[in-house]
Amino acid sequence: MVGATHNSNIVFWEEGGFATQGIEDVAERGVNDDFETEVNTAITNGDADQWLQEAFDEPNNASSGVTLMNIEVDEDFPLLTLISMIAPSPDWFIGINSFSLLDGGNNWKDNITIDLFPYDAGTE
């Protein structure tokens, strides 16, 4: 599972949008290098704050989970984007796009659990 904390000035992927090379590589082959470069460019440009990467506890298991620890967010970078390939599909992935860690009252959410759904990167 890879991703970033960021602000609303950038969208790394969105339903119905075109996949970047980084998203395509993660979705098709589970290769994170180009996506990490995209996130690092956003960090340099001031639109992202942190690259996130964590392995699933049981790779290749449909009920596997992942826990992201030590994520630091602040009011400038309250959004979370995550993505991971679904193997052995040609270009499907799971993820969340620009999920706000702030609630509607501008307070930090105490605890979140997110069910992830499959998306088609549309590259194959």
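**How the fold is read**

From the N terminus on, the protein chain's elements run β-α-α-β-β-β-β. This is a predicted model, where local features need pLDDT of at least 70, side-chain atom pairs count only at pLDDT 80 or more, and totals for chains, interfaces and linings use all residues. Residues are numbered from 1 along each chain as its sequence is written, and side-chain values use heavy atoms, without hydrogens and water.

Q: What makes up the 2 helices and 5 strands of the protein chain?
A: They are DSSP runs, numbered from the N terminus: helices are H or I of at least four residues, strands E of at least two. Helix H1 covers residues 21-29 and helix H2 residues 33-44.

Q: Why is the protein chain called as compact as a globular protein of that length?
A: The globule rule is 2.2 Å times the number of residues to the power 0.38, and the radius of gyration is taken over C-alpha atoms. For 124 residues the rule gives 14 Å; the chain's radius of gyration is 14 Å, so the description holds.

Q: What makes strand S3 and strand S4 a pair?
A: Two strands pair if DSSP finds at least two bridges between them. Here 6 bridges join S3 (residues 79-85) to S4 (residues 92-100), and the two run antiparallel. Ile83 stands opposite Gly95 in S4.

Q: Why are strand S2 and strand S5 called edge strands?
A: The 5 strands form an open sheet in the order S2-S1-S3-S4-S5. S2 (48-53) and S5 (117-120) each pair on one side only.

Q: What share of the 124 residues is buried?
A: Buried means under 20% relative accessible area (1.4 Å probe, protein chains only). Buried residues make up 35%.

Key: Contact = heavy atoms within 4.5 Å. Axes fitted to C-alpha atoms, helices over the stretch in contact; angles between N-to-C directions. Buried < 20%, exposed > 50% of the residue type's maximum accessible area, 1.4 Å probe, protein only.
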